[in-house]
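Thanks for coming. I will take one structure today and walk through it piece by piece. Please have the display open.

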Amino acid sequence: MSPDSVTPGSVRSAAEVNEQIRALWLRAGGYLSAQDRAEYELLVVEWAEAMRDEIIEAA
């Protein structure tokens, strides 16, 4: 997955995004290249947004 394919405001759950983050780390062998780092940063932002949305829904 390229960083360009991560869409802000994604409808994926925090758990789905977290799984993708874990897969990225496994695939990268614990060392992130510059491209992996960019993807990771986008995924973390998406995860945080999903967490916020899930907390708001629960409230």
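Let me begin with helix α1, residues 14-28. With 15 residues at 1.5 Å a residue, α1 should span 21 Å, and its end C-alpha atoms are indeed 21 Å apart, so expectation and model agree. I should say at once that this is a predicted model.

Now the overall count. The chain has 2 helices and 0 strands. It has 59 residues, and 24% of them count as buried.

Back to α1. Which of its residues are buried? They are Ala14, Val17, Gln20, Ile21, Leu24 and Ala28. Looking down the axis of α1, these buried residues fall within an arc of 125°, so they line one face of the helix. The general background is that an α-helix has 3.6 residues a turn, so residues three or four places apart point the same way. The other side of α1 carries exposed residues, namely Ala15, Glu19, Arg22, Leu26 and Arg27.

What do the buried residues of α1 pack against? They pack against α2, which covers 34-58. Between the two topics, a small point about the end of α1: Gly29 follows the helix, and its phi is positive, near 65°.

Next, how the helices are arranged. The axes of α1 and α2 come within 8 Å and cross at roughly 160°. An angle over 145 degrees counts as roughly antiparallel, and that makes α1 roughly antiparallel to α2. The crossing in which α1 passes α2 is left-handed.

As for who makes the contact, α1 contributes Ala14, Val17, Asn18, Gln20, Ile21, Leu24, Trp25, Arg27 and Ala28. From α2 come Asp36, Glu39, Tyr40, Leu43, Val44, Glu46, Trp47, Ala50, Met51 and Glu54. Note that Arg27 is in this contact list, although Arg27 is also exposed.

The contacts in the chain can also be viewed by separation. Taking those with a separation of 6 or more, 58% are between residues 24 or more positions apart.

One last residue, Arg52. Arg52 sits in helix α2. Is Arg52 buried, exposed or partly exposed? Its relative accessible area is 47%, so Arg52 is partly exposed; the exposed class is for values over 50%. Along the chain, Arg52 and Ala14 are 38 residues apart, while their C-alpha atoms are separated by 9.1 Å.

To sum up, we have 2 helices, with α1 roughly antiparallel to α2 and the buried residues of α1 packed against α2.

Methods: Residues numbered from 1 in each chain as written. Predicted model: local features only at pLDDT ≥ 70, side-chain atom pairs only at ≥ 80, totals over all residues. Heavy atoms only, no water. Helix = DSSP H or I, 4+ residues; strand = E, 2+ residues; numbered from the N terminus. Expected span 1.5 Å × (residues − 1). Buried < 20%, exposed > 50% of the residue type's maximum accessible area, 1.4 Å probe, protein only. Arc of directions from axis to C-beta. Contact = heavy atoms within 4.5 Å. Axes fitted to C-alpha atoms, helices over the stretch in contact; angles between N-to-C directions. Parallel < 35°, antiparallel > 145°, perpendicular 65-115°, else oblique. Left-handed = near helix turned anticlockwise from the far one by under 90°.
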